[in-house]
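Hi everyone, thanks for making time this morning. I'd like to walk you through one structure with you, so please have a look at the screen.

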Amino acid sequence: KTTLMRAIANNQVEGFPDTGQVRTVFVEADIQGEQSHLSCVDYVLHDPKIEALGITTEEVRNVLATVGFTEDGKAKPNHAVSTLSE
């Protein structure tokens with residue numbers, strides 16, 4: 001899974017829409033210690049590509065909600081990224 005997700009993020013999957021059509025963010029499973037305390041939302045916002053696009057916290061929350069990151073779901077947007085593998 002990691003190899004596929006990395007390839008998608010790097011626009012290396014033949015037939016997959018390119019970055020002009022779809023925006024992807026690949027969150028590495030091995031999170032650096034200095035970022036492990038960040039919430040899922042803040043972790044995404046900390047990405048330089050996201051910062052450069054000027055994406056807001058609300059936009060990140062809305063997109064994360066579409067993939068199950070909700071306050072009443074198993075993956076919560078305000079929990080630290082280090083809790084995702086527990």
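Reading from the N terminus, the elements of this chain run α-α-α-α. That gives 4 helices and 0 strands. Please keep in mind that we are looking at a predicted model.

Let me give you the overall picture. The chain has 86 residues, and buried ones make up 23% of them. About 6300 Å² is exposed, and carbon and sulfur atoms supply 52% of that surface. If you take the contacts with a sequence separation of 6 or more, 38% of them are between residues 24 or more positions apart.

Now to the beginning of the chain, with α1, which covers residues 2–9. Which residues of α1 are buried? They are A7, I8 and A9. After α1 comes N11, with a positive phi near 60°. What catches the eye is that N11 has this positive phi although it is not a glycine. N11 sits in the loop between α1 and α2, the latter being residues 40–45. Is N11 buried, exposed or something in between? With a relative accessible area of 38%, N11 is partly exposed, because partly exposed is the range from 20% to 50%.

N11 also takes us to the empty space inside the model. Here's the general idea: rolling a probe the size of a water molecule over the atoms shows where empty space is left. How many cavities of 30 Å³ or more are there? The count comes to 1. The largest cavity holds about 30 Å³ of space. Its lining is made of I8, N11, F16, P17, D18, T19, V22 and T24. So you meet I8 again, one of the buried residues of α1, and here I8 is part of the cavity lining. By class, that lining divides into 4 nonpolar, 3 polar and 1 charged.

Let's move from the cavity to a pocket. The second largest pocket has about 280 Å³ of space. It is lined by 13 residues, and those nearest its centre are A9, T24, V25, F26 and K49. Two elements, α1 and α3, give two or more residues to this lining. Which element gives the largest share? That is α3, with 3 residues. In terms of chemistry, the pocket lining has 6 nonpolar, 3 polar and 4 charged residues. T24 is worth a second look, since T24 is among the residues nearest the pocket centre and also lines the largest cavity.

Next, the start of α2. S39 lies in the loop between α1 and α2. S39 counts as buried, because its relative accessibility is 11% and the cut-off for buried is under 20%. A polar atom of the S39 side chain lies 3.0 Å from the backbone nitrogen of D42. And which residues does S39 touch, if we leave out those up to four places away in sequence? They are P77, N78, H79, A80 and V81.

Inside helix α2 we find V41. V41 counts as buried too, because its relative accessibility is 1%. Leaving out residues up to four places away in sequence, V41 touches T57, V60, R61, L64 and P77. P77 was also on the list for S39. V41 and K76 are 35 residues apart in sequence, and their C-alpha atoms are 9.4 Å apart in space.

A quick stop at T56, in the loop between α3, residues 48–53, and α4, residues 57–66. T56 is partly exposed, with a relative accessible area of 38%. T56 and L45 are 11 residues apart along the chain, and their C-alpha atoms are separated by 7.9 Å.

My last residue is T70, in the segment after α4. T70 is partly exposed, at a relative accessible area of 25%. The side chains of T70 and D72 are joined by a polar contact of 3.0 Å. Not counting residues up to four places away, T70 touches A65, A75, K76 and P77. So P77 turns up once more, because it is in contact, meaning heavy atoms within 4.5 Å, with T70, with V41 and with S39.

That's my tour, and I'm happy to go back to any part of it on the screen.

Note on methods:
Residues numbered from 1 in each chain as written. Predicted model: local features only at pLDDT ≥ 70, side-chain atom pairs only at ≥ 80, totals over all residues. Heavy atoms only, no water. Buried < 20%, exposed > 50% of the residue type's maximum accessible area, 1.4 Å probe, protein only. 1 Å grid on protein atoms, 1.4 Å probe; cavity = no way out; pocket = protein on both sides within 12 Å on 5 of 7 lines; lining within 4 Å. Points joined across faces, edges and corners; volume = space filled by probe spheres on them. Nonpolar A, V, L, I, M, F, W, Y, C, P; charged D, E, K, R; others polar. Areas by Shrake-Rupley, 256 points an atom, 1.4 Å probe, with all protein chains shown as cover. Polar contact = N/O pair within 3.5 Å; in protein donor to acceptor, adjacent residues only side chain to side chain.
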